[in-house]
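Please load the model in your viewer and set the backbone to a cartoon representation. The stops below are best visited in the order given.

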Amino acid sequence: TPGGIAAAVSAAKGGQEVLLIEPTDRIGGLLTSGLSYSDFRSFEAISGFYHDFAGEVVEDYTGRYGADSQQVRDCFRGMLAEPSVNLRVLGKMISARPKIKVVTGERLVAAETGPFEAGRHRLLSVTTVSTSGETTTHRAKVFIDGSYEGDLMAAAGESYHVGRESRAQYGEPMAGDREGRADGQVQGYNFRFIMTQVEENKLMAEALEGYDREDFVGVLQHFESGKLKKVFDAGRDGIYRAHLPLLPNGKTDVNDTPHAPVRLSMPDINDAYPEASHEQRQQIIQAHVYYNVGLLHFLQHDDAVPAAVREDARSWGWCRDEFTETGGLPPQLYIREARRMVGQHVFTGNDTAQLPDDARGVLHRDAIAIGDYVHNCHGTGREGSRYGGTHSGEFYKPVPPYQIAAGVIIPQKTANLLVPVACSASHFGFGALRLEPIWSSLGQAAGWAAHLAIKENTPVQDIEVGKLQSLLHADGSSTIYVSDVSPDHPDFAAIQWFGTRGGFHGLAPAGQPKPEPIVGQYTRAHPGHSADLDLPLTRELRQRWQDITPLPQPDVPATRIDWIRAAYAMAIEEGHN
């Protein structure tokens, strides 16, 4: 996954030898398997590995089409790209680090752990099996589980949760079922199709083996009643949500449509997936393929479908130049949620809470990453039939940009394991973390944490967070959202250090206006989250900052940036992080 690749790149930057193991023959997880419409709100939240990745995407399109090309404009500063481009760019980023060795087509089948000492044990080795049935044992000093499923974390004996917690467990008002009770439901999965209306690049959905039209006729009632008006739509009038703006070269990322009467996600059949065997998982995946693809084939070809609906269904098709090995279909299912570790810190709705007198959210001085999205779930259950019911368990809660504490990737028991993707969060909290840019930031932190653990010969639980933050800041990764200081800014590290100590909390009151929209879900920076470095340092702010980072001559700095530079230089000189 991108989280695993970010971890590998960071550890390699630190000088470590890295073995990156991918169970399929295609690296990149969903970023190279259809999820091309990146989930974030404002560009100011993109930093570190994903910021570098987006820059490489722009460079790729610029090199092939020119800086003023439509493709460069459509890639949206590198955040909206074709899967084939994402694949090429991730491969390039890995190839730039000779210390990374990539092995594909090997999946985990066993893990060996040592004895417990003082409540912890070490992961000694993992055993994988190749697609040809050959087993291999791999040993390492530190292991990182970058998978969506958390298989290695579970095999190491770490505690984890599957499903929804109760409302009372973490004090989350939107947790649990309608009565606030815990259950085993996980968020629904579906495929992220890449489709086009460009005729010379378009493929129609073929009937799959075992196709039975009777499995899909139930959809017609919704077109007859007018509940459904389209097959493809950017809003909620269709089944297949064609994201806008379009990707470069006339393509779109097609997703499940929240609150539509007919959905692509199938939460009622994927609850068993997180803990299922490899064979059982393949059966669940094939059920999604059959439904997601079979429904479109029915709508494109069946005579019972009204002509106007059929015409709309046939207006889009798979891309001939994407996923050529699998006939235009994405090779991976979108696993939105599986196991979630119960680690040193459980990320919940409390971590994204709006402070009562502040534009900002809760301060985490031990932050290793940030996020800027919403708590979002496409549903965990289905009430009624496939075509006559509704999804249950959906939520969408906007929050201010948030910090993510180090304990989210650090397990309880295993001294040499880090978990940046199937990380420690409640079901509700995970709804704000399960995004490729955020998983990449957590992976980047895991890579640098692994480097520190090896360098200092210490358990991951004992890593000094300040040292990890310094490495992340030097690598352009944010630990607090600051809207007017980008990773390219010469004072980025100082600003991140100071902000993570609390310097920018309290600068703007609560009740700020919503950020201005750009297009779709994307917005401009959040008001009230700027550093305004060139503003004069007021007496009141000088006193407050003196309490946070005392200077021997507090009256000397004239502007905000003068103070921060002086405080940061003093901290470095004294060896503080």
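The tour of this predicted model proceeds from a sheet to the nonpolar cores and then to a helix.

Begin with the open sheet, whose 6 strands follow the order β9-β13-β8-β12-β11-β10 with mixed pairing. At its edges, select residues 202-203 for β9 and 232-233 for β10; each of these strands pairs on one side only. Next, select residues 193-196 and 317-319: these are β8 and β13, an antiparallel pair joined by 2 bridges. Within this pair, Thr196 has Gly317 of β13 as its bridge partner.

Add residues 278-301 to the selection. This is helix α8, which lies across β8, β10, β11 and β13 and runs at about 90 degrees to β11 (240-242).

Which residues have the most contacts inside the largest nonpolar core? Display Val219, Ile239, Tyr240, Leu295 and Leu299 as sticks; the core to which they belong has 80 residues. Elements that each supply at least two residues of this core include β8, α8, α11 (436-455) and α12 (465-474). Centre the view on Ile239: beyond its neighbours within four places in sequence, its contacts include Val219, Phe223, Val262, Leu295 and Leu299. For a second, separate core, of 37 residues, select Phe43, Ala54, Val89 and Leu90, which are among its members.

Finally, select residues 492-500, helix α13, where 9 of 9 residues are buried. Among them are Phe492, Ile495, Trp497 and Phe498. To view the surroundings, show β18, α12, α14 (539-548) and α15 (560-573), against which the buried residues of α13 pack. Just after this helix, Gly502 adopts a positive phi of about 105 degrees.

Notes:
Residues are numbered from 1 along each chain as its sequence is written. This is a predicted model: local features need pLDDT of at least 70, side-chain atom pairs count only at pLDDT 80 or more; totals for chains, interfaces and linings use all residues. Side-chain values use heavy atoms; hydrogens and water are left out. Two strands pair if DSSP finds at least two bridges between them. Helices (H or I, at least four residues) and strands (E, at least two) are DSSP runs, numbered from the N terminus. Contact means heavy atoms within 4.5 Å. Axes are lines fitted to C-alpha atoms, for helices over the stretch in contact, and angles run from 0 to 180 degrees between N-to-C directions. A nonpolar core is a set of buried Ala, Val, Leu, Ile, Met, Phe, Trp, Tyr and Cys residues joined through side-chain atoms within 4.5 Å. Buried means under 20% relative accessible area, exposed over 50%, partly exposed in between (1.4 Å probe, protein chains only).
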